[in-house]
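Visitor: Hey, got a minute to walk me through this one? I'd like to hear about the fold and the packing.

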Amino acid sequence: MSLTARFSCLNEYDPDALSVDQARTFIRSQLTPVGTPERLALRSALGRVLASDVIAPFNVPAHDNSAMDGYALRHAELSCNGASRLLVVGTALAGQAFAGSVGAGECVRIMTGAPLPAAVDTVVIQEMVQADGASVVVPAGQRRGQHIRLAGEDLAAGQPALVAGRLIRPADLGLLASLGCAEVSVHRRLRVAFFSTGDELCSIGTSLADGEVYDSNRYTIFGMLGRLGCEVLDLGVVRDHPATLEAAFREAAAAADVVITSGGVSVGEADFVKGLMAQLGEVLFWKISMKPGRPMAFGRIGDGAHSAWLFGLPGNPVAVMVTFYQFVRDALYVLMGADPLPVVPLLPAVCTAAIRKAPGRTEFQRGILSQVDGRWCVRPTGAQGSGVLRSMSDANCFVVLEHDRGQVAVGDQVQVQLFDGLV
């Protein structure tokens with residue numbers, strides 16, 4: 001079934017008035033991970049997506065051991081009514097177990113991580129005991145099993161240590177290393193081709209002619225893709241000429257899993273840009289109830305053997321970044337095989353400035369979040385036009401104003417989406 005047919009069957013589907021949540025849901029419903037796995041050395045796997053479960057080959061820790069520096073003993077040797085005196089018969093170190101046995105009235109000096117001697121079931125921290133020559137005095141009130149880490153407490157042999165779809169973080173590298181994994185199977189990098197469209201765009205390093213502007217979108221898109229660990233193919237600025245655009249689309253679709261364009265999807269843009277997108281594949285053109293970033297294209301382009309997903313983003317610099325973070329970022333993670341998706345939560349904050357808004361669309365204002373008198377407060381960065389890239393550069397969060405929300409007064413609570421973890 002074609003994309004158009006699939007979407008047209010959905011309830012409340014209106015390409016001229018999609019909500020943000022509907023657009024997200026529709027996009028994700030079409031995507032599945034791409035590419036074949038590859039094996040990488042552990043240190044090269046940071047930020048990649050795990051392609052298969054990692055099963056623990058042994059228990060971690062491998063043996064019962066002490067969680068503290070102290071004295072290991074049998075709880076049954078302790079008096080119920082007062083302090084107990086025990087003879088210290090040896091020492092257990094991490095990596096050097098006590099080889100003897102612990103008898104009645106005896107204990108062993110033990111260090112953190114050292115294996116527990118046989119028959120021992122309790123550790124008393126060294127700060128609790130009083131040394132007296134070759135003996136120690138242990139106060140009453142000790143609990144059986146205290147300060148002990150059991151074998152398999154962290155990871156049990158035969159159980160998944162990490163499951164497929166996980167985005168590998170620094171702690172995961174350590175976890176895998178604790179299992180002796182020198183290599184790991186990960187999804188290959190997602191290949192993404194991108195270019196900007198427009199006769200008015202000029203590449204940096206050249207002089208501007210009258211009416212030209214430097215192309216900032218290629219650099220923000222490059223940065224956003226780079227942060228996600230994608231393999232990027234920058235096709236530069238493509239002029240509004242049918243043959244040139246067609247060649248760029250075909251090159252991109254043949255070389256990449258995903259094609260991202262900026263410009264050419266708004267009302268009033270050159271008709272042949274939209275026509276070419278549709279001619280080279282199946283592309284849906286949406287008007288999303290949001291600000292900034294209302295126009296967007298989504299679909300597939302290319303022939304059967306060399307087709308790619310297409311995201312046609314608006315041309316204004318802020319709109320490019322907002323639509324990327326609200327739609328494209330999660331889509332790319334799905335294609336990378338990430339499951340669950342890395343979610344950036346919405347957090348409450350007090351707005352310190354009034355914001356004009358009419359119900360009927362979701363707005364993504366750029367804001368600065370800070371603590372004032374112990375509470376989180378946010379204020380807009382200033383001018384919020386979709387061409388004011390400074391508003392993104394100065395901000396550390398999006399102020400997310402919901403679809404049905406109206407005006408925001410000073411002191412109202414709003415939802416913020418932190419750039420830390422998103423951008």
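Guide: Sure, we can go from the whole chain down to the sheet and the core, keeping in mind that this is a predicted model.

Visitor: What does the secondary structure of the protein chain come to?

Guide: The count is eight helices and 26 strands.

Visitor: And what box do the C-alpha atoms fill?

Guide: Along the principal axes, roughly 90 × 55 × 50 Å. The radius of gyration is 30 Å, whereas a compact globule of 423 residues would have one near 22 Å.

Visitor: How much of the chain is buried?

Guide: Buried residues are 46% of the 423. As for the accessible surface, the chain has about 19,800 Å², and carbon and sulfur atoms hold 52% of that.

Visitor: What share of the contacts comes from residues 24 or more positions apart?

Guide: That's 71%, taken over contacts with a separation of 6 or more.

Visitor: OK, switching to sheets. In what order do the six strands of the open sheet run?

Guide: The order is β16-β13-β17-β21-β20-β18, with mixed pairing. The edges are β16 (231–238) and β18 (281–287), each of which pairs on one side only. On average, neighbouring strands here are turned by 15 degrees against each other, ignoring direction.

Visitor: How do β18 and β20 pair?

Guide: They're antiparallel, with seven bridges, and β20 covers residues 295–301. One residue pair to look at there is W286, whose bridge partner in β20 is M296.

Visitor: Which strands does helix α4 touch?

Guide: Helix α4 (residues 217–227) packs on the sheet and touches β13 (191–197), β16 and β17 (258–262). Its direction makes about 165 degrees with that of β13.

Visitor: Now the core. How many residues are in the largest nonpolar one?

Guide: It has 53, and I260, W286, F311, F324 and L332 have the most contacts inside it. Helix α7 (residues 317–336) gives the most to this core, 14 residues.

Visitor: Why would nonpolar side chains be buried together?

Guide: That's a general tendency in soluble globular proteins.

Visitor: Back to I260, then. What does I260 touch?

Guide: Leaving out residues up to four places away in sequence, I260 touches V192, A193, F194, F195, I221, L225, F311, L313, F324 and V328. Two of those, F311 and F324, are also on the list of residues with the most contacts inside the largest core.

Visitor: How many residues does the other core have?

Guide: That one has 21 residues and lies apart from the largest core; A193, F195, A252 and M277 are among its members.

Conventions:
Residues are numbered from 1 along each chain as its sequence is written. This is a predicted model: local features need pLDDT of at least 70, side-chain atom pairs count only at pLDDT 80 or more; totals for chains, interfaces and linings use all residues. Side-chain values use heavy atoms; hydrogens and water are left out. A nonpolar core is a set of buried Ala, Val, Leu, Ile, Met, Phe, Trp, Tyr and Cys residues joined through side-chain atoms within 4.5 Å. Buried means under 20% relative accessible area, exposed over 50%, partly exposed in between (1.4 Å probe, protein chains only). Helices (H or I, at least four residues) and strands (E, at least two) are DSSP runs, numbered from the N terminus. Contact means heavy atoms within 4.5 Å. Two strands pair if DSSP finds at least two bridges between them. Axes are lines fitted to C-alpha atoms, for helices over the stretch in contact, and angles run from 0 to 180 degrees between N-to-C directions. The radius of gyration is taken over C-alpha atoms; the globule rule is 2.2 Å times the number of residues to the power 0.38. Accessible areas come from the Shrake-Rupley method with a 1.4 Å probe; for residues, only the protein chains shown count as cover.
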